[in-house]
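User: I am new to this structure and would like a close look at one part, the surroundings of the ligand. Please start there and then place that part in the rest of the chain.

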Amino acid sequence: MQASLDSFGRINRHSRQAIAFEQAVHALRDGMAGRSDLLAFGNGKSYGDSCHNDAGSLVQMRQQRSVLGFNVETGIVEAEAGISLEELIAHIAPHGFFLPVTPGTRFVTLGGSIANDVHGKNHHRSGTFGCHVESFELLRSDSHIYRCSTTENPDLFSATIGGLGLTGLILSARLKLMKVGSLDIDETVTAFSSLEGYFDLAADADEENEYSVAWLDQLASGKSAGRGVLITGNHAENGNFRTEGVKAKLGVPFELPFSALNRVSLGLFNTAYFNVNRLKSAPHLAGYGKFFYPLDGVGDWNRLYGPSGLYQHQSVIPFEAGRSVIPAMLEASRRAGLSSFLTVLKRFGDVRSPGFMSFPRPGYTLTMDFPNHGEKTLALLTRLDRMTLDAGGRVNPYKDSRMSAEVFKAGFPQWPQLEKLRDESFCSDFWRRTALVTDHPRGQS
Ligand SMILES: Cc1cc2nc3c(=O)[nH]c(=O)nc-3n(C[C@H](O)[C@H](O)[C@H](O)COP(=O)(O)OP(=O)(O)OC[C@H]3O[C@@H](n4cnc5c(N)ncnc54)[C@H](O)[C@@H]3O)c2cc1C
């Protein structure tokens with residue numbers, strides 16, 4: 001079966017070979033799956049090719065979305081891997097619980113959240129998604145279903161959390177939820193006029209708040225360069241547990257023949273966004289949808305980038321290098337004349353993930369979105385990779401569709417451990433493009 005299973009960046013778009021979940025299970029249980037034949041596909045919210053396997057088939061997981069059990073005393077929920085975080089929230093919120101960690105979109109699946117070990121605005125307190133996974137069931141091509149936890153099959157447990165879907169098919173998982181006063185958030189927005197202002201505020205903000213994230217106006221220049229807003233919050237005691245409907249209020253209904261995002265449109269947007277938020281400095285109640293998932297309100301917003309798609313670059317830079325390297329990376333993008341629509345800066349803390357391939361490490365994480373302008377954009381991204389590695393950091397694999405094998409391997413020197421536990425029937429375009437490429441001398445990959 002052919003299906004349009006693009007990833008969020010929409011860089012390499014074509015129809016792909018897909019198979020239904022049941023068919024994949026039969027092939028795995030009967031020992032009929034060939035080498036590198038399969039890769040699970042959650043909801044395609046990864047930005048690049050880590051959720052693609054053009055040499056084989058994508059296993060469609062979204063129909064596997066039942067809640068299998070929920071203990072309202074312990075806050076442990078068990079669900080099939082294709083359930084979305086949005087569907088999970090609708091199930092758990094009426095009982096006073098929220099996800100312990102959530103990424104910036106609720107349209108991702110439980111399986112995808114484990115395989116990429118996603119992070120949210122509370123990494124400094126709660127670590128990654130995988131830190132809250134009690135156990136999961138993993139189907140491998142030796143036809144066994146492995147129950148994995150820190151005590152049962154611990155090697156597969158730590159390889160699968162952040163293991164990019166390469167260790168087998170996660171069928172279901174048990175997740176420990178967070179008890180909250182309400183879904184809503186007591187939010188505070190603090191404007192800063194320079195990056196130094198952010199660095200001065202950020203550590204204390206993490207200390208005092210469950211959630212913390214900064215938005216930067218990367219297009220501002222001159223006296224306004226480096227300005228932005230720091231958005232912090234905690235679950236409110238006086239809010240409510242009402243969940244929102246799925247539907248985006250706005251949408252981009254069709255493909256634009258060009259990118260609608262340019263220096264002029266973005267400059268106007270950023271200035272308006274900065275000024276509106278600057279005026280919100282008093283603490284106020286924010287709905288959970290607006291706080292955690294502001295972009296989910298605009299359906300298919302990635303289409304605004306036009307038919308060539310977008311690249312996201314997410315790096316993590318160790319704390320000691322952050323104050324010099326982050327401004328230099330922003331300056332490199334400005335000098336290249338490339339505009340990042342969304343520029344986000346956060347701190348990762350030192351809560352260790354059980355997953356040995358997990359992306360976060362202590363430091364500042366900078367995320368930038370660039371329209372694809374071909375070679376010019378690729379040259380900038382390569383430059384940003386180099387700055388990241390030179391600072392002792394790493395680049396996020398599940399946001400990527402073009403980093404070199406050298407950049408990946410330098411950031412994740414533990415990758416051979418994952419290769420050892422990779423199920424031979426599973427592979428991805430990302431893995432083929434990076435880990436499985438024979439090493440080249442530095443700079444030639
Ligand atoms: C607007 C937006 C905001 C985002 N914000 C954040 C953020 O704040 N933090 C963050 O960490 N990420 C963020 N992301 C990225 C996103 O959260 C991750 O890429 C997520 O893992 C995607 O999940 P998915 O279900 O769509 O899986 P896919 O993208 O389809 O797949 C992701 C990986 O999971 C594997 N996989 C999926 N299901 C299974 C399964 N059942 N068994 C085994 N492997 C499986 C796939 O093979 C693939 O390797 C954001 C993405 C968007 C579009």
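Analyst: What follows starts at the ligand and then moves outward through the strands to the whole chain.

This is a predicted model, in which local features need pLDDT of at least 70, side-chain atom pairs count only at pLDDT 80 or more, and totals for chains, interfaces and linings use all residues. Residues are numbered from 1 along each chain as its sequence is written, and side-chain values use heavy atoms, with hydrogens and water left out.

Start with the shell. The ligand is surrounded by 34 residues. A residue belongs to this shell if one of its heavy atoms lies within 4 Å of the ligand. The closest are Ala40, Ser46, Thr109, His119 and Tyr398. By class, 17 are nonpolar, 14 polar and 3 charged. Here Ala, Val, Leu, Ile, Met, Phe, Trp, Tyr, Cys and Pro count as nonpolar; Asp, Glu, Lys and Arg count as charged; the others, Gly among them, count as polar.

Now the polar contacts. Such a contact is a pair of N or O atoms within 3.5 Å; within protein, one must be able to donate a hydrogen and the other to accept it, and residues adjacent in sequence count only if both atoms are side-chain atoms. Ala40 places a backbone N or O atom 2.6 Å from an oxygen atom of the ligand. For Ser50, a backbone N or O atom lies 3.2 Å from a ligand oxygen atom. Asn116 uses its side chain: a polar atom there is 2.9 Å from an oxygen atom of the ligand. Taken alone, the ligand exposes 980 Å², and the protein buries 97% of that. These areas come from the Shrake-Rupley method with a 1.4 Å probe; for residues, only the protein chains shown count as cover.

Which elements supply the shell? Strand S3 (38–41), helix H3 (110–115) and strand S10 (169–176) each give at least two residues. Helices (H or I, at least four residues) and strands (E, at least two) are DSSP runs, numbered from the N terminus.

Follow S3 first. S3 belongs to an open sheet of 4 strands, in the order S1-S2-S4-S3, with mixed pairing. Strand S1 (2–3) and S3 stand at the edges with a single partner strand each, so one side of each lacks a neighbour in the sheet. Strands pair if DSSP finds at least two bridges between them. Inside this sheet, S2 (residues 16–20) and S4 (residues 57–60) are parallel, with 3 bridges. Ala18 faces Leu58 in S4.

Next, S10. S10 pairs with S8 in the antiparallel sense over 6 bridges. Phe136 stands opposite Ala173 in S10. On S8 (residues 133–139), 5 of the 7 residues are buried, so S8 is largely enclosed by the rest of the structure. Buried means under 20% relative accessible area, exposed over 50%, partly exposed in between (1.4 Å probe, protein chains only). S8 also runs antiparallel to S9 (residues 145–148), joined by 4 bridges. Glu137 has Arg147 in S9 as its bridge partner. S8 and S9 form a hairpin with 5 residues between them, and Ser143 in the turn has a positive phi of about 75°.

Finally, the whole chain. There are 13 helices and 21 strands. The C-alpha trace spans about 65 × 55 × 45 Å along its principal axes. Of the 445 residues, 57% are buried.
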